[in-house]
Amino acid sequence: MHHHQLEAWQHTHVFGQDRKRSGETRSLIIVGLTLTMMVWEILAGVLYGSMALLADGLHMGSHAVALGIAAFAYVYARRNAGNSQFSFGTGKVNALGGFTGAVLLAGFALYMVIESIDRFIHPVAISFNGAIFVAVIGLIVNGLSAWILGGEDHDHGHGHGHGHGHGHGHHDHNHRAAYFHVLADALTSLLAIAALLAGKYAGWNWMDPIMGIVGAALITRWSWHLLKDTSRVLLDHQRSDLEHDVKQSIETDDALICDLHLWAIGPDIHAAIVSIVSHDPESPEVYKQRIQTRCPSLVHVTVETQRCVTDPEKPMLGQG
C-alpha cells in the first residue's frame, strides 16, 4: 500500500487545541492591569512602611508572572496544535501553565512568611492613610479582574465553578489558575485593608505583619489544590469514573477488558488504549463506536482485540 493511500485512515491530533479560547484575551488584559497595580502597591508598601501592602503588591506580581505563563501556554498550545512532535496534541501545555503558576504561588507564600516574621520582630512606622488608599484601589482592580475572568467560559461551561478548590480534573487549568490568583489577590487586599484600619484606629501595628502570615497560609492552601489537580494531568492519572463507563460500554459475558489506559490530553479531552479479550470478538471499530458514544470526552481511542481460546467454562486469563 502506498503512503498516499493511508490518508483515508489517518486523523489529526489537534483536538480543537488550535481554537483561540476566550481565556487568552482575558488573561492578557488582566496581566496588564495586574502589572500596573503591582508596581504601584510595591512602591507604596516600601514608602509607607506597610508589610500588608507590600505583600499584596508582591503577591500581585507573582500572579502577573503566572498569568503571563498562562497566556504564553495558550499561544504556544495554539501555534503548535498541528505539530506532529506532540504525540497527543498540545493540551498538556495548559496543565503545565497551571502547575507552574501554582509553584510560583507556593514560593511567594514562603517569602511572605519570612518577611512578615521579620517585621513582627522589628516593627516599622506605617503611613496609614496613603497605604489604605492604595489597598482600596488594589481591591477594586482585583474585583474588575475577577469580573473579566468570571464571565461564562464558553469552551467548557464551567464559569464560576473555577472558584472551588477541588477541581474534577477536566477544568481548563490556565483559566482556573488565573481565577485563583485574582481571588487570592482580592483576599490579600481585604486583609491588608483590615490590618491597616486596625493599626490606624486601634494602634494594633502588629496586625500588619500578622496579615502577611495569614495571607500566606491561604495562598499555600490554594496552591496545593492546584498542584494536585494539574500534576494528575501531567502524570497521566487514571480516571476511575471514565474507567467505569468504558467497562460498562464494552464488557459482556463474553467480552472482557484485560488492559485499560485512560488519561487526560487536554482540558476535558481524554485518550484511551483498550485491550479486549473475547471468544468471538467484534471488529475494533465496533468497540470504538460503543466507547465514544458513552464517553464523548474520549477523542483518541485505540482498541485491540484478542481471541480467547480457553474453555468457555473456565475463567478467562487477564480478567478484570
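The chain exposes about 15700 Å² of accessible surface, and carbon and sulfur atoms supply 62% of that area. These values belong to a predicted model. Of the 320 residues in the chain, 48% count as buried. Among the contacts with a separation of 6 or more, 74% join residues that stand 24 or more positions apart.

The chain contains eight helices and four strands. Read from the N terminus, its elements follow the order α-α-β-α-α-α-α-α-β-β-α-β. Confidence varies along this path. The average pLDDT of the chain is 76, and 79% of the residues score at least 70. Helix 4 (residues 128–150) has the highest confidence, with a mean of 89, whereas strand 1 (residues 87–90) has the lowest, with a mean of 68. Outside that comparison of elements, residues 152–171 deserve separate mention: pLDDT stays under 50 over this stretch. The model nevertheless has 51 contacts beyond four places in sequence for residues 152–171.

The account now turns to the surface. A nonpolar patch is formed there by I117, F120, I121, W204, W206 and I213, which together have about 610 Å² of accessible area. Helix 3 (residues 91–121) gives the most to this patch, with three residues. One of the patch members, W206, is placed in the loop between helix 5 (173–202) and helix 6 (207–234). The relative accessibility of W206 is 43%, and because exposed requires over 50% and buried under 20%, W206 counts as partly exposed.

Helix 3 also holds R119. With a relative accessibility of 17%, R119 counts as buried. Its surroundings include residues from elsewhere in the sequence: leaving aside neighbours within four places, R119 is in contact with G49, S50, M51, L54, V124 and P209. For one of these partners, G49, the separation along the chain is 70 residues, while the C-alpha atoms of R119 and G49 are 9.8 Å apart.

R119 also takes part in charge pairing. Side chains of opposite charge can pair when their charged atoms come close. The count of salt bridges in the model comes to five. One of them joins E115 to R119, with the closest N and O atoms 3.9 Å apart. Both residues lie in helix 3 at a spacing of four residues, about one turn of the helix. E115 is buried, as is R119.

A second pair is found in helix 6. The side chains of D229 and R232 meet in a salt bridge with an N to O distance of 3.9 Å. Because these two residues are three positions apart in helix 6, about one helical turn separates D229 from R232. The two partners differ in their accessibility class: D229 is buried, with a relative accessible area of 4%, whereas R232 counts as partly exposed at 38%.

A salt bridge also forms between the side chains of R307 and D280, again with 3.9 Å from N to O. This pair links distant parts of the chain, with R307 in strand 4 and D280 in the loop between strand 3 and helix 8, 27 residues apart. Both R307 and D280 are exposed.

The C-terminal elements meet again in the packing of helix 7 (residues 240–250), where L242, V246, S249 and I250 are buried. Viewed down the axis of helix 7, the buried residues fall within an arc of 90°, and therefore they line one face of the helix. These buried residues pack against strand 2 (256–266), strand 3 (269–278), helix 8 (284–294) and strand 4 (298–307). Strand 4, one of these packing partners, is also the element that holds R307 of the salt bridge with D280.

A final example comes from helix 1 (residues 22–48), in which T34 lies. T34 has a relative accessible area of 3% and is therefore buried. Not counting residues up to four places away in sequence, T34 touches M60, A64 and L67.

Terms used: Residues numbered from 1 in each chain as written. Predicted model: local features only at pLDDT ≥ 70, side-chain atom pairs only at ≥ 80, totals over all residues. Heavy atoms only, no water. Patch = residues over 30% accessible without salt bridge, like charges linked within 9 Å, V, L, I, M, F, W, Y side chains within 5 Å. Areas by Shrake-Rupley, 256 points an atom, 1.4 Å probe, with all protein chains shown as cover. Salt bridge = Lys/Arg side-chain N within 4 Å of Asp/Glu carboxyl O. Buried < 20%, exposed > 50% of the residue type's maximum accessible area, 1.4 Å probe, protein only. pLDDT = per-residue confidence, 0-100. Contact = heavy atoms within 4.5 Å. Arc of directions from axis to C-beta.
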